[in-house]
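Q: I've got a model open and I'd like to learn how to read its helix contacts and its empty spaces. Can you walk me through it?

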Amino acid sequence: MLEKVEKPKTLKDTALEQLRLAIMIGQLAPGQRLVERTICEQLGVSRTVVRECIRHLESEHLVTFSAGGSSVAVLESDEIRQIYHLRAMLESEAVRHCAEQASPELVALLQEGLIQIRDNLHAGDVVEALAHSYAFYERLFVTAGMTVAWELTERLNGRIGRLRFMTLSTKERSVKGPNNLQDIVNNVAKGDSKAAVKACRKHIDEACRMGLHLNQQ
């Protein structure tokens, strides 16, 4: 069997990741205009690279373009509701499949990822917790055999990341979020798909309410 070849990151890849993260964690605020010259100086890349990154982020709906130039997109309440609704549908289905085919290896991997999320939140490192959250959910979808659903989720991950950073930055969610994920993992371990789906939907419903509340402040 041929082994997957990892492509080296280009300057554009690195710059894109940095810009996306800056938007996700609010360093570039909603509505803020993106000044190409400033970004070039901060990232040490050419204007061509910056423009390519901005176009890519437009496709992810993290950036909007108007006559005045490009700016960070503002998340509207209806958009937030739709994102969480799609998350609930896709993630609960992935959780169901995982519970139906649970193995000790899968449970151990999920538990390991959850410990990393919890430890980073406890240390106040929300950015690192975001990275481990991404890996946690990727594992859920891939294990469930829902690779197409994961591809769809990845298209939303920039906006999901913005909302997740907002919620996990609060004391309440930094504790309650991992606890909810623990309920999901526990039910997957027991092979109880019904309870796992219920825990998943509860987790997302709570995140939705908090995300809407924080976005209005």
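A: Sure, we'll take helix pairs and then the pocket and cavities. Keep in mind that this is a predicted model.

Q: Let's start with helix pairs. At roughly what angle do the axes of α5 and α8 cross?
A: The idea is to look at the two axes, then at the residues that touch. Here the axes of α5 and α8 cross at roughly 175° and come within 10 Å. Angles over 145 degrees count as roughly antiparallel, and α5 and α8 are therefore roughly antiparallel to each other.

Q: Which residues make that contact?
A: On the α5 side you'll find Leu-106, Val-107, Leu-110, Gln-111, Leu-114, Ile-117, Arg-118 and Leu-121. Facing them from α8 are Ser-174, Pro-178, Asn-179, Leu-181, Gln-182, Val-185, Val-188 and Ala-189. By class, that contact has eleven nonpolar residues, four polar and one charged.

Q: How do I read α1 and α3, where the axes come within 9 Å?
A: Same routine. Helix α3 covers residues 47-59, and its axis crosses that of α1 at roughly 55°. That angle makes α1 oblique to α3.

Q: Is the crossing of α1 and α3 left-handed or right-handed?
A: Handedness is the next thing to look up, and α1 passes α3 in a right-handed crossing. The touching residues are Leu-11, Lys-12, Ala-15, Leu-16, Leu-19, Arg-20 and Ile-23 from α1, with Val-49, Glu-52, Cys-53, His-56 and Leu-57 from α3. Sort them and you get eight nonpolar, one polar and three charged.

Q: And what about α4 and α7?
A: Helix α4 spans residues 77-100 and helix α7 spans residues 147-168; their axes come within 10 Å and cross at roughly 125°. That makes α4 oblique to α7. The crossing of this pair is left-handed.

Q: Which residues of α4 and α7 meet?
A: From α4, pick out Glu-79, Ile-80, Ile-83, Tyr-84, Leu-86, Arg-87 and Leu-90. Their partners in α7 are Ala-149, Thr-153, Leu-156, Arg-159, Ile-160, Leu-163, Arg-164 and Thr-167. The contact of α4 with α7 has nine nonpolar residues, two polar and four charged.

Q: OK, on to empty space. What is the volume of the largest pocket?
A: Rolling a probe the size of a water molecule over the atoms shows where empty space is left. In this model the largest pocket has a volume of about 570 Å³. It is lined by 18 residues, and Arg-20, Met-24, Tyr-134, Asn-157 and Gly-158 lie nearest the pocket's centre. The elements that give two or more residues to this lining are α1 (11-24), α6 (126-143) and α7.

Q: Which element gives the largest share of that lining?
A: That's α7, with seven residues. As for chemistry, the pocket lining divides into seven nonpolar, four polar and seven charged residues.

Q: How many cavities of 30 Å³ or more does the structure hold?
A: A cavity is a space where the probe fits but cannot get out. There are two of 30 Å³ or more here, and the largest cavity holds about 140 Å³ of space. Its lining comes to 15 residues, with Tyr-137, Arg-164, Leu-168, Arg-173 and His-203 nearest the centre. The elements that give two or more residues to this lining are α4, α5 (104-122), α6, α7, α8 (171-190) and α9 (193-215). The largest share, four residues, comes from α8. By class, the lining of the largest cavity has eight nonpolar, four polar and three charged residues.

Q: What lines the second largest cavity?
A: That cavity has a volume of about 40 Å³. The residues to select are Arg-87, Glu-91, Tyr-137, Phe-141, Trp-150, Thr-153, Asn-157, Ile-160 and Arg-164. The elements that give two or more residues to its lining are α4, α6 and α7, and α7 gives the most, with five residues. The lining of the second largest cavity divides into four nonpolar, two polar and three charged residues.

Note on methods. Residues are numbered from 1 along each chain as its sequence is written. This is a predicted model: local features need pLDDT of at least 70, side-chain atom pairs count only at pLDDT 80 or more; totals for chains, interfaces and linings use all residues. Side-chain values use heavy atoms; hydrogens and water are left out. Axes are lines fitted to C-alpha atoms, for helices over the stretch in contact, and angles run from 0 to 180 degrees between N-to-C directions. Angles under 35 degrees count as roughly parallel, over 145 as roughly antiparallel, 65 to 115 as roughly perpendicular and the rest as oblique. A crossing is left-handed if the near helix is turned anticlockwise from the far one by less than a right angle, and right-handed if clockwise. Contact means heavy atoms within 4.5 Å. Ala, Val, Leu, Ile, Met, Phe, Trp, Tyr, Cys and Pro count as nonpolar, Asp, Glu, Lys and Arg as charged, and the others, Gly among them, as polar. On a 1 Å grid over the protein atoms alone, a cavity is a set of points where a 1.4 Å probe fits but cannot get out, and a pocket is an open set with protein on both sides within 12 Å along at least five of seven lines; lining residues have an atom within 4 Å of a point. Grid points are joined across faces, edges and corners, and a volume is the space filled by probe spheres set on the points.
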